[in-house]
Each structure stands twice: as structure tokens, then as C-alpha cells.
Amino acid sequence: MFGYQIPRDYEEAMELDRKNGNTKWKEAIDLELKQIDDYQTFRDVGKAELNTKGQITNAPEGYKKIRVHLVFAVKHDGRHKARLVADGHLTRNTTEGAYSGVVSLRSLRIVMFLSELNALKLWGADIGNAYLEAFTEEKIFIVAGPEFGNRKGHILIISKALYGLRTSGARWHDKLFDVMRDMGFSPSKNDPDIWMRPSKDSEVYEYIAVYVDDLAIVAQDPAEICQILRDKFKLKLKGDGPLEYH
């Protein structure tokens with residue numbers, strides 16, 4: 001990828017750092033785990049105790065053990081990235097909807113047309129680490145590997161909707177639903193991933209189109225909406241501002 005060798009796991013990432021004489025992959029992993037901890041994704045319940053058969057004797061009652069792994073990539077500008085992903089295939093199948101909202105291209109085009117028609121501003125925004133804003137309802141834990149440093153071997157209960165879990169998309173959708181409702185938006189009957197509300201002067205409608213964690217905001221004052229998302233709901237927005245290409 002862009003002339004870089006991409007590691008398949010933590011051990012290979014450390015080996016590549018030694019081979020290349022730098023710590024780029026280690027820094028990427030540390031940054032990812034710091035962000036994971038900032039969201040209080042895990043609850044540490046202590047070191048795992050094993051019997052002679054290698055079975056965990058102090059596993060949390062009612063919880064299922066799964067694994068996590070790191071996915072690595074290099075951006076076009078050479079930045080090394082790591083993402084901690086749960087092995088969600090190890091959890092039970094769900095009968096509920098498991099996906100985040102994805103606005104249709106047709107609906108997005110209509111919203112962009114309405115921004116021009118009603119002289120509204122068109123902004124975009126990306127919600128950073130969106131899934132980790134939501135709590136998971138799955139009862140699962142991991143035993144931390146070497147990438148977790150001094151927590152290696154500890155039982156970590158997963159509290160947040162970690163990437164890779166079957167229901168993380170749905171949990172983020174539920175979280176965003178509550179945020180939109182609190183701001184006075186209602187989902188469109190034709191496309192539930194278009195949110196709408198009357199403007200302050202009640203002359204037109206304002207809209208937010210949702211594509212998982214990306215927002216297209218059509219409003220009289222989209223900057224105010226972004227500020228509310230930051231200040232009231234503590235969402236970490238990235239790249240918010242006028243859309244450059246549409």
C-alpha cells in the first residue's frame with residue numbers, strides 16, 4: 001500500500017518497526033488504544049486466572065469470550081493507521097437490524113437541490129469514532145493481548161459498540177436517533193436517514209442527511225448545529241465546513 005508493507009498482526013507490526021528502524025506502527029497502535037481508552041470502551045476486571053486445562057476460572061458470569069485484532073493501513077500521505085476490531089463473528093446472530101443508517105443517493109441529491117432552491121447553506125461533517133459514542137448491549141469480554149501493555153492477560157469487558165461487533169452499527173444508529181430527536185429533527189417518511197425540522201423563522205425546512213458517521217447539513221446556520229453537536233452531545237466532529245464538491 002503506497003509502497004509500504006502492511007503488517008497482518010501486532011507481532012508483525014513490531015517486527016517491521018525493528019526492520020525499518022522506526023516506531024511508526026507502534027505509535028499508530030498506541031494512538032488507537034488511547035482513543036479506545038478515552039471512550040472508556042473496556043472495563044478491566046482483573047487478571048484472568050487459568051486452570052490446568054487453560055480455561056478461565058474467573059470469567060464474568062453470563063459473558064462470552066471473544067477476540068479482537070488490529071487492522072493496519074497507510075494513508076496517501078504516509079500516515080500509519082491502526083484500528084482495533086472485534087471478532088464479531090464469534091457472537092450470536094441477531095434478529096434485530098444490525099446496520100447504521102445510509103442515505104440513498106437519490107435522497108442526497110434532493111436535499112442538495114433544496115439547499116440551492118431555498119438559499120440554505122450546505123455543510124459536511126464527519127463524526128470521529130462514531131460507534132464508540134454508543135454502548136453495546138452484548139455481554140462479551142476479551143483477554144487482553146500484548147498490544148495492551150501492562151493490561152496483557154487481563155479480562156476486559158467490552159462496554160462500547162466496538163467496530164466489528166454485529167450490533168455496533170445499530171447501537172450507533174440508536175444513539176444518533178436520540179441526538180436528532182433532541183435537536184428537533186424528525187426522520188423523513190420516504191427516507192429515514194434524512195432528518196428534517198422547520199427553520200427558526202418557519203419559512204423553510206432544514207435537513208441532515210446521514211451516511212453512517214458522515215453528515216450533510218442543509219440549514220440556515222449549519223455552524224450552530226455543529227457547535228451544538230460538539231458542546232451538548234460531546235460528539236467529535238472532523239472536517240466540518242462547506243462542502244467543496246457536490
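This is a tour of a predicted model, with a selection to make at each stop.

**Whole chain**

Start with the full chain in cartoon view. Its secondary structure comes to five helices and twelve strands. Along the principal axes, the C-alpha atoms fill a box of roughly 70 × 45 × 30 Å. The chain has 246 residues, and 46% of them count as buried. Among contacts with a separation of 6 or more, 64% are between residues 24 or more positions apart.

**Helix α1**

Select residues 10-20, which form α1. The buried residues in this helix are Tyr 10, Glu 12, Ala 13, Met 14, Leu 16 and Asp 17. Now add residues 24-38 and 68-74: these are α2 and β3, and both are included in what covers the buried residues of α1.

Next, look at the two ends of the helix. At its start, a side-chain oxygen of Asp 9 comes to within 3.4 Å of the backbone nitrogen of Glu 11. Just after the helix, Gly 21 has a positive phi of about 70 degrees.

**The largest nonpolar core**

Show Ile 29, Phe 42, Ile 142, Phe 148, Ile 158 and Leu 162 as sticks. These have the most contacts inside the largest nonpolar core, which has 28 residues. At least two residues of this core come from each of α1, α2, β3, β4 (80-86), β6 (140-143) and β7 (154-158). The largest share, five residues, is supplied by α2.

Centre the view on Ile 29. Leaving aside neighbours within four places in sequence, Ile 29 is in contact with Tyr 10, Ala 13 and Met 14. On the same basis, Ile 29 also contacts Leu 70, Phe 72, Ala 82 and Glu 147.

A second core, separate from this one, has 24 residues. To find it, select Val 179, Phe 185, Phe 233 and Leu 237, which are among its members.

**The largest pocket**

Switch to a surface view. The largest pocket holds about 450 Å³ of space. It is lined by 21 residues; select Gln 35, Lys 81, Arg 83, Asn 129 and Lys 238, the closest to its centre. The elements giving two or more residues to this lining are α2, β3, β4 and β5 (121-127). Coloured by class, the lining of the largest pocket shows eight nonpolar, four polar and nine charged residues.

**The second largest pocket**

The second largest pocket holds about 240 Å³. Of its 17 lining residues, select Tyr 10, Val 68, His 69, Leu 70 and Glu 147, which are the closest to its centre. Each of α1, β3 and β6 supplies at least two residues of this lining, and the largest share, three residues, comes from β3. By class, the lining of the second largest pocket has nine nonpolar, two polar and six charged residues.

Two of these names were met earlier: Tyr 10 is one of the buried residues of α1, and Glu 147 is in contact with Ile 29.

**Ser 188**

Finish at Ser 188, in the loop between β8 (186-187) and β9 (194-198). Is Ser 188 buried or exposed? Its relative accessible area is 16%, so Ser 188 is buried, the limit being under 20%. Display the backbone here as well: the side chain of Ser 188 reaches the backbone nitrogen of Asn 190 at 3.2 Å. Not counting residues up to four places away in sequence, Ser 188 touches Ile 194 and Met 196.

Conventions. Residues numbered from 1 in each chain as written. Predicted model: local features only at pLDDT ≥ 70, side-chain atom pairs only at ≥ 80, totals over all residues. Heavy atoms only, no water. Buried < 20%, exposed > 50% of the residue type's maximum accessible area, 1.4 Å probe, protein only. Helix = DSSP H or I, 4+ residues; strand = E, 2+ residues; numbered from the N terminus. Contact = heavy atoms within 4.5 Å. Polar contact = N/O pair within 3.5 Å; in protein donor to acceptor, adjacent residues only side chain to side chain. Core = buried A, V, L, I, M, F, W, Y, C linked by side-chain atoms within 4.5 Å. 1 Å grid on protein atoms, 1.4 Å probe; cavity = no way out; pocket = protein on both sides within 12 Å on 5 of 7 lines; lining within 4 Å. Points joined across faces, edges and corners; volume = space filled by probe spheres on them. Nonpolar A, V, L, I, M, F, W, Y, C, P; charged D, E, K, R; others polar.
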